Amino acid sequence: MAPVSFTARFKQFVTPDALRSYLAEFISTFFYVFLVVGSAMASRKLMSDSATDPSSLVLVAIANTFALSSSVYIASNVSGGHVNPAVTFGLAVGGHISVSTALFYWVSQMLASVMACLLLKVATVSQDVPIYTIASEMTGFGASMVEGVLTFGLVYAVYAGGDTRSGPLRSIGPLVIGLMAGSMVLAAGPFSGGSMNPALAFGSAVVAGRFKNQAVYWVGPLIGAAVAGLLYDNVVFPGHVSGRVNSDGTTGV
């Protein structure tokens, strides 16, 4: 009975609707990572000292805002437009998406990030793919706390943006999420990088072959995402299920 039960359960996650949602996550995450990492590479090419030039930070923050808003929008009607393993984790903790579906989303998001960074590496030839690093005066614990707080705000915005009680304002959910991400990059970019997205940090690290402080971009964001989901649904708006339930059982803005 066990093999039959496993097969039947597995088939639930490879239905046409489910496969479309995984593909939607792959496409949206691919373009998000391509645009964010690409903007960092562009600023480094155009500026002799982009690491200390404030305009470089502004450029990346603006790119993050536009990229995330657009990526969430193009996938929202199919997969919920997570574009981020931390967002997926926060929604899973809140009971808006099954753990099994979340794992498939993670695979799609991670593969998309690696593929986007690899394409940038191959296409630019002479440029190295930048990775997320923490400031020399910060500890890993401190940077993880910063990333956790940032991701808390991002996931809270995801929950609020998908709240059905927002009425017509719900249509600007993707823009609100993007603006939140961009402002956080401006605030924390020089300290922890302002990733807020484990897939984004992972893809660039894989292609660059450097994994120093990689745990910072997983531990903090996942904890922050979980707290945001639990707080929004159980404390701020108890008893209310935010977001839309899609045909494959997923939810999002």
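Visitor: Hello! Between which two helices is the loop where Val-83 has its place?
Guide: This is a predicted model, in which local features need pLDDT of at least 70, side-chain atom pairs count only at pLDDT 80 or more, and totals for chains, interfaces and linings use all residues. Residues are numbered from 1 along each chain as its sequence is written, and side-chain values use heavy atoms, without hydrogens or water. Helices (H or I, at least four residues) and strands (E, at least two) are DSSP runs, numbered from the N terminus. Val-83 is found in the loop between helix 3 and helix 4 (85–93).

Visitor: Is Val-83 buried or exposed?
Guide: The terms rest on relative accessible area with a 1.4 Å probe and protein chains only: under 20% is buried, over 50% is exposed, and in between is partly exposed. Val-83 has a relative accessible area of 0%, so this residue is buried.

Visitor: What is the phi of Val-83?
Guide: Most residues other than glycine have a negative phi. Val-83 is not a glycine, yet its phi is positive, at about 60 degrees.

Visitor: Which residue in the loop between helix 7 and helix 8 has a positive phi although it is not a glycine?
Guide: The residue has a phi of about 60 degrees. At 1% relative accessibility, Met-196 counts as buried. The residue in that loop with the positive phi is Met-196.

Visitor: Let's step back. In what order do the elements run from the N terminus?
Guide: The protein has nine helices and two strands. From the N terminus on, the order is α-α-α-α-α-α-α-α-α-β-β.

Visitor: How much of the protein counts as buried?
Guide: Val-37, in helix 2 (16–46), is a buried residue because its relative accessibility is 4%. Of the 253 residues of the protein, the share that counts as buried is 51%.

Visitor: How far is the C-alpha atom of Val-37 from that of Ser-113?
Guide: Along the chain, Val-37 and Ser-113 are 76 residues apart. In space, their C-alpha atoms are separated by 9.8 Å.

Visitor: Where does the nonpolar patch get the most residues from?
Guide: Patch residues have over 30% relative accessible area and no salt bridge, and nonpolar side chains (Val, Leu, Ile, Met, Phe, Trp, Tyr) are joined within 5 Å, like charges within 9 Å. Here Leu-23, Ile-27, Phe-31, Leu-35, Tyr-73 and Ile-74 form the patch, with about 600 Å² of accessible area together, by the Shrake-Rupley method with a 1.4 Å probe and only the protein chains shown as cover. Helix 2 and helix 3 (54–76) each supply at least two of its residues. With four residues, the one that gives the most is helix 2.

Visitor: Why does Leu-35 count as partly exposed?
Guide: Leu-35 lies in helix 2. Leu-35 counts as partly exposed because its relative accessibility is 41%.

Visitor: Which residue meets Arg-20 in a salt bridge?
Guide: A salt bridge is a side-chain nitrogen of Lys or Arg within 4 Å of a carboxyl oxygen of Asp or Glu, and the whole structure holds two. The partner is three residues from Arg-20 in helix 2, so about one helical turn separates them. The N to O distance is 2.1 Å, and the partner is Asp-17.

Visitor: How far apart are the closest N and O atoms of Lys-121 and Asp-128?
Guide: Lys-121 is partly exposed at 29% relative accessible area, and Asp-128 is partly exposed at 45%. Their side chains form a salt bridge, with the closest N and O atoms apart by 3.3 Å.

Visitor: How much space lies in the largest cavity?
Guide: On a 1 Å grid over the protein atoms alone, a cavity is a set of points where a 1.4 Å probe fits but cannot get out, and lining residues have an atom within 4 Å of a point. There are three cavities of 30 Å³ or more. Points are joined across faces, edges and corners, and the volume is the space filled by probe spheres set on them. For the largest cavity, that space is about 80 Å³.

Visitor: Which residues that line the largest cavity are the closest to its centre?
Guide: Helix 3, helix 6 (140–161) and helix 7 (173–188) each supply at least two lining residues. Of the 15 residues in the lining, the closest to the centre are Leu-68, His-82, Asn-84, Val-87 and Leu-154.

Key. 1 Å grid on protein atoms, 1.4 Å probe; cavity = no way out; pocket = protein on both sides within 12 Å on 5 of 7 lines; lining within 4 Å.
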